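Visitor: I should like to take a close look at a single part of this model, namely its salt bridges. Please treat the matter in one connected account.

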Amino acid sequence: MEQFWQNFYTVFIQVLILFIFMGFGFVGNKTKLINLDGSKVMSDIVLYFVTPCLIINSFSSMEFDKEHLNGLIVCFVAFFLIMAASIALVHIIFRGKNEQKKRVLRFAVVFSNVGYMGIPLQEAVLGQEGVFYGSVCVGMFNILVWTYGIVCSSGSLKNMSIKKVIFNPGLLAVTAGLIIFLFGIPLAEYLPPVSQTLSLMAGLNTPVAMMVIGFNLANSNILASLKSASTYFISALRLIIIPVAALFIMVLCGIKGDILVSLVIAASAPVAAVTTVFAIKYNNDVNTSVNLVAFTTLMSIVTMPFIVALAQVFA
């Protein structure tokens with residue numbers, strides 16, 4: 001039990017640091033130092049430059065061996081099964097007549113914030129090893145968000161774009177990283193300027209990504225979300241039930257170590273920020289999406305340390 005609370009404290013401190021970075025974004029919004037256009041630019045910088053550099057850097061930092069290769073395969077299969085099970089669950093649970101709200105609720109439960117919250121915490125808790133395995137989760141997230149995510153939000157297969165699946169920055173970065181890893185290309189030895197650039201850009205991921213989340217939190221109405229029963233139900237599913245169930249099933253299947261912890265971090269992250277982006281694009285319940293992203297992000301300061309600490313006990 002003592003080990004659990006030590007793990008909890010360690011992870012809590014790391015999550016608290018993330019929330020301090022969010023505070024900068026929150027203050028930037030309230031003081032008008034950062035406007036909506038500035039926030040979008042920051043978000044695009046993270047999406048198209050910083051996170052891809054972080055992913056490629058993590059792959060280039062790992063020497064190719066059978067253990068890491070098997071770990072990548074396990075992560076890919078396990079995270080796909082977690083998301084597939086979540087998809088099946090939401091289609092059983094949410095069958096209401098309000099299409100606009102139902103689509104948002106389904107999307108919110110399935111898609112966790114693996115990029116903006118998952119990767120920074122994986123890096124803080126596990127270092128490059130965590131980002132290495134977490135990158136697979138980012139790749140799977142991008143595949144499913146541009147396939148199932150679009151169908152879920154729009155209600156039609158016609159809106160699904162294979163081009164967006166193939167050419168999104170997250171998946172391209174994972175592909176580039178895999179090539180470097182599988183062929184054992186030593187960037188630091190052959191291309192030191194490129195290696196150093198990747199490393200410096202990667203360092204921006206946590207502060208800038210968290211500031212973007214903090215900026216968006218400042219625009220949400222947390223009090224309104226507290227009045228909705230669906231907020232608590234979705235939050236319980238997204239932050240507790242799914243990650244805890246995934247944890248124990250993975251333990252029973254023999255998954256352990258950094259792979260287990262990295263997967264649990266990805267599975268226990270709050271509702272993905274892209275939930276609101278898709279709600280706006282496909283005319284769904286935008287207010288519900290904003291409130292769910294904000295509420296689950298705030299609640300994750302307690303739930304993520306607890307669940308990740310539990311995972312470390314079994315790791």
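Visitor: In which helix do Lys102 and Glu99 both lie, and how many residues apart are they?

Guide: In this predicted model, Lys102 and Glu99 both belong to helix H4, which covers residues 99–110. The two are 3 residues apart, about one turn of the helix. Lys102 forms a salt bridge with Glu99, and the closest N and O atoms of this pair are 2.7 Å apart. As general background, side chains of opposite charge can pair when their charged atoms come close.

Glu99 has a second partner, Arg103, with which a salt bridge is also formed. Here the closest N and O atoms are 3.5 Å apart, which satisfies the criterion because the cut-off is 4 Å. Along helix H4, Arg103 and Glu99 are 4 residues apart, so about one helical turn separates them. Through shared partners, the salt bridges join Glu99, Lys102 and Arg103 into one network. By the rule applied, the count comes to 2 salt bridges.

The accessibility of the three residues may be considered next. Lys102 has a relative accessibility of 12% and therefore counts as buried, the limit being under 20%. Arg103, with a relative accessible area of 17%, is likewise buried. Glu99, the residue to which Lys102 and Arg103 are each bridged, has a relative accessible area of 31% and is therefore partly exposed.

Technical notes:
Residues are numbered from 1 along each chain as its sequence is written. This is a predicted model: local features need pLDDT of at least 70, side-chain atom pairs count only at pLDDT 80 or more; totals for chains, interfaces and linings use all residues. Side-chain values use heavy atoms; hydrogens and water are left out. A salt bridge is a side-chain nitrogen of Lys or Arg within 4 Å of a carboxyl oxygen of Asp or Glu. Buried means under 20% relative accessible area, exposed over 50%, partly exposed in between (1.4 Å probe, protein chains only).
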